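Please open the model in your viewer and keep the selection panel at hand. The stops below are meant to be followed in order, with a selection to make at each one.

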Amino acid sequence: MLAATEAIGVNYADCVIRMGLYDSAKELVGWPITPGFEIAGTVTAVGEGVTDLAPGAKVLAVTMFGGYSTHVAVPRHQVFPLPSKLDAAQAAGFPTVFLTAYYALFELAHPRPGASILVHSAAGGVGSALVQLGRIAGCRVVGVVGSSHKVETARAMGADVVIDKSREDLWKVAEQASPRGYDVVLDANGVSTLPQSYAHLASPGKLVIYGFHSMMPRQGGKPKWLKLAWDWLRTPRYNPLTLTNDNTSVLAFNLSYLFEQKEILAEAMSRLLTWVEEGKLVAPPVKQFPLDQVAEAHRAIESGTTVGKLVLVP
Ligand SMILES: NC(=O)c1ccc[n+]([C@@H]2O[C@H](COP(=O)([O-])OP(=O)(O)OC[C@H]3O[C@@H](n4cnc5c(N)ncnc54)[C@H](OP(=O)(O)O)[C@@H]3O)[C@@H](O)[C@H]2O)c1
């Protein structure tokens, strides 16, 4: 399918790709590379054999990189109808963070209703999606945010407790919020929180790791190699003997490889878009930038101060 893009989602991973540090981008495309995992737009042409989609249809799509464009060509199975409850900007920012959160919670962690889950960066893209999906799964959600202006967003997304780690002692409050520990902790910070995230698991408990953004600089746009190497050395390695004795699991994944898993992708998007139509999921707050000001959008998301999603408009 070929589509004219109306909006393009920005993800933290796009910055990591830009810095040349994203392994699956290297493996699947290589550099030079155009970032961009998701778009919303209008179909302009369909390939031979595609009968259920016609030019003029409003769609959203996941793109295996290359989304930062006025037009994208993607395989049919990566294209979905635009839900009536989302505008183009909200829809462009929807699939990557919700698929990431869905995969973490429903494919990997499988929390039971009533489970306590701890979500780091709970006002960000994936974090706020995890908060909403955690509520759908019937969990008690404790969200952690890095600054006070994010507290309201995390609460609005449905967190039962919000810990503002810029003002509160994160782990002391986390212990008060769930004295028996957490059934699931979802962590994309990396070394800055991983040891304590693991230490605060219940028995049984699952730590889901899906990013390492605390290794990256908040300004300057380039990796700081010494810090990167030091953080890499300090990143915990998990011993199977210890995991077994502790009755814990450590899970990790990379969404880049999901786009080829057609069945999981179709099932996940179908459930997510149904929840949107039913009003059970809402789009997080969206901030728009013109496509030619993509550098501003990257500076904003790298600063770690944004809430919800950033979207580019061609
Ligand atoms: N494994 C996968 O397949 C997959 C897929 C999508 C995204 N991800 C990962 O998920 C994470 C969230 O992605 P997103 O696009 O939704 O971004 P985001 O959450 O909107 O923004 C990143 C957030 O991380 C926190 N943070 C902590 N240390 C940071 C640092 N040094 N620099 C920048 N931010 C820092 C900040 O929130 P607080 O200060 O409030 O904590 C910031 O708002 C990223 O690590 C991304 O790589 C992984």
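Select helix α7, residues 170–177, and you will see that this helix lies across β6, β7, β8 and β9, running at about 165° to β8. Bear in mind throughout that the model is a predicted one.

Next, display the strands beneath that helix together with their partners: 6 strands form an open sheet with parallel pairing, in the order β8-β7-β6-β9-β10-β11. The edges are taken by β8 (161–164) and β11 (248–252), and each of these has a single partner strand, so one side of each is left without a neighbour in the sheet. Neighbouring strands of this sheet are turned by 15° against each other on average, direction ignored.

Now narrow the selection to residues 116–119 and 182–187, which are strands β6 and β9, paired in the parallel sense over 3 bridges. Within this pair, select I117, whose bridge partner in β9 is V184. Adding helix α5 shows another element packed on the sheet, where α5 touches β6, β7 (140–145) and β9, and its direction makes about 170° with that of β6.

Keep α5 (125–136) displayed and add α4 (95–109) and α12 (294–303), since the ligand is the next stop; each of these three helices supplies at least two residues of the shell around the ligand. In total 27 residues surround the ligand, and the closest are Y12, S121, V126, G146 and L255. Coloured by class, this shell has 10 nonpolar, 14 polar and 3 charged residues.

Which polar atoms of the protein should be picked for distances to the ligand's nitrogen and oxygen atoms? Start with K150, where an N or O atom of the side chain is 3.0 Å from an oxygen atom of the ligand. Then turn to the backbone, where a polar atom of Y210 is 2.9 Å from a nitrogen atom of the ligand, and a polar atom of M216 is 3.1 Å from a nitrogen atom of the ligand. Of the 910 Å² of accessible area that the ligand has on its own, the protein covers 94%.

The last stops concern backbone geometry. Most residues other than glycine have a negative phi, and most peptide bonds are trans. Select W31 and P32, which are joined by a cis peptide bond with omega of about 5°; P32 is found in the loop between α2 (23–28) and β2 (38–45). The peptide bond from S203 to P204 is also cis, with omega near 0°, and P204 is found in strand β10, residues 201–209. Finally, select F65, in the loop between β3 (58–62) and β4 (71–73); although F65 is not a glycine, its phi is positive, at about 70°.

Definitions and conventions
Residues numbered from 1 in each chain as written. Predicted model: local features only at pLDDT ≥ 70, side-chain atom pairs only at ≥ 80, totals over all residues. Heavy atoms only, no water. Near = heavy atom within 4 Å. Polar contact = N/O pair within 3.5 Å; in protein donor to acceptor, adjacent residues only side chain to side chain. Areas by Shrake-Rupley, 256 points an atom, 1.4 Å probe, with all protein chains shown as cover. Helix = DSSP H or I, 4+ residues; strand = E, 2+ residues; numbered from the N terminus. Nonpolar A, V, L, I, M, F, W, Y, C, P; charged D, E, K, R; others polar. Pairing = 2+ DSSP bridges. Axes fitted to C-alpha atoms, helices over the stretch in contact; angles between N-to-C directions. Contact = heavy atoms within 4.5 Å.
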